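Hi,

Here is the structure I promised to pass on. Have a look at it first, and my notes follow below.

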Amino acid sequence: MAIENNPVEVFDTVFNRNDAQLSPRLEHGTPEARTFKIIVIGDSNVGKTCLTYRFCGGIFLKNPEATIGVDFREKTLELDGERIKLQIWDTAGQERFRKSMVEHYYRNVHAVVYVYDVTSLASFQSLPEWIGECSRHSVGPMVPRILVGNKCDLGGHREVATSHAQRLADGYTFPLFETSAKDPAEKEHVDAIFLTLAYRLKSHKPLRLKQPIESGGPLWYQREHETATCQC
Ligand SMILES: Nc1nc2c(ncn2[C@@H]2O[C@H](COP(=O)(O)OP(=O)(O)OP(=O)(O)O)[C@@H](O)[C@H]2O)c(=O)[nH]1
Ligand SMILES: [Mg+2]
């Protein structure tokens, strides 16, 4: 769902719920899934919308419009018998379309996907800026993050070598994925990005709130074991 006009107003009206309700929950005795908020960020045109569409809907969007504010997509997975709902926030890369939404993006976020375009050195060079924006919005070090190089199907136009990206990822200790939202053969790799996060999140239990949710403070998690099999 695209947010247009006044993004914040529409956001509040359409979703009619506050960020506290987006925090992970498992209501015992009910089939409700624990819900985790994942934000997808990076420069405009790197393919954030196409990647999230490929994961949630299984298709490649040929002519997506630039995202205005944020689009929400959800996917529920069953991992080791537990239902996990990923609420994916596909954010706008263009500054003018994200200004009024930025606080919403980062509030109570559980995981972050940073996307760059392997055929655009500029989009890769922007990554420290995006990572810095997360820190400025109090996204803590325990929040799982993944670096994704998209548009690998355009191999002949590549401007960012895998080794170069790997060095950056290693420096931040983020996993690196290179893939293509366009190439149907890459669907499994696209899924792997979000499954990796789902497994990481699944093994996290809410530890305590350093600040009350109402004040916009981050949630912090205690890592437990990671699980090994997927039944999604
Ligand atoms: N060749 C190729 N093109 C892609 C791929 N993913 C996205 N595109 C194209 O790249 C363009 C931008 O894709 P979007 O998904 O809209 O990019 P975005 O990051 O969401 O852009 P903003 O919403 O403006 O932040 C579109 O023309 C897509 O068709 C890919 O894997 N390969
Ligand atoms: Mg988009």
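One cut-off before the rest: a residue counts as buried if 20 or more other C-beta atoms lie within 10 Å of its own, and as exposed if 12 or fewer do. Please also keep in mind that this is a predicted model.

Let me start with two residues that have an unusual backbone angle in common. Asn108 is not a glycine, yet its phi is positive, near 55 degrees. You will find Asn108 in the loop between helix 4 (102-106) and strand 4 (111-117). Because 20 other C-beta atoms lie within 10 Å of Asn108, it is buried. Thr173, also not a glycine, has a positive phi of about 55 degrees, and its place is the loop between helix 7 (162-172) and strand 6 (176-178). Is Thr173 buried or exposed? Thr173 counts as exposed, because it has 8 C-beta neighbours inside 10 Å.

Next, strand 4, which follows the Asn108 loop. Of its 7 residues, 7 are buried, and both faces are covered. Ala111, Val113, Val115 and Asp117 sit on one side of strand 4, with Val112, Tyr114 and Tyr116 on the other. Which strands pair with strand 4? Strand 1 (residues 34-41) pairs with it in the parallel sense over 4 bridges, and Ile39 stands opposite Val112 there. Strand 5 (residues 145-150) also pairs with strand 4 in the parallel sense, over 6 bridges; here the bridge partner of Tyr116 is Gly149.

Now to helix 2 (residues 48-57). This helix is largely enclosed by the rest of the structure, because 8 of its 10 residues are buried. Those buried residues are Lys48, Thr49, Cys50, Leu51, Thr52, Tyr53, Arg54 and Phe55. Their cover includes strand 1, strand 2 (70-79), strand 3 (82-91), strand 4, strand 5 and helix 8 (187-202). After helix 2 comes Gly58, with a positive phi near 80 degrees.

Helix 2 also matters for the surroundings of ligand 1: it gives the largest share of the shell, 3 residues. There are 21 residues around the ligand, and Ser44, Gly47, Thr49, Thr67 and Gly93 come nearest. Thr49 is also one of the buried residues of helix 2. By type, the shell divides into 7 nonpolar, 9 polar and 5 charged residues.

Happy to go through any of this with you.

Best wishes

How values were computed
Residues numbered from 1 in each chain as written. Chains lettered and ligands numbered in written order. Predicted model: local features only at pLDDT ≥ 70, side-chain atom pairs only at ≥ 80, totals over all residues. Near = placed C-beta within 6 Å. Helix = DSSP H or I, 4+ residues; strand = E, 2+ residues; numbered from the N terminus. Nonpolar A, V, L, I, M, F, W, Y, C, P; charged D, E, K, R; others polar. Pairing = 2+ DSSP bridges. Contact = placed C-beta atoms within 7 Å.
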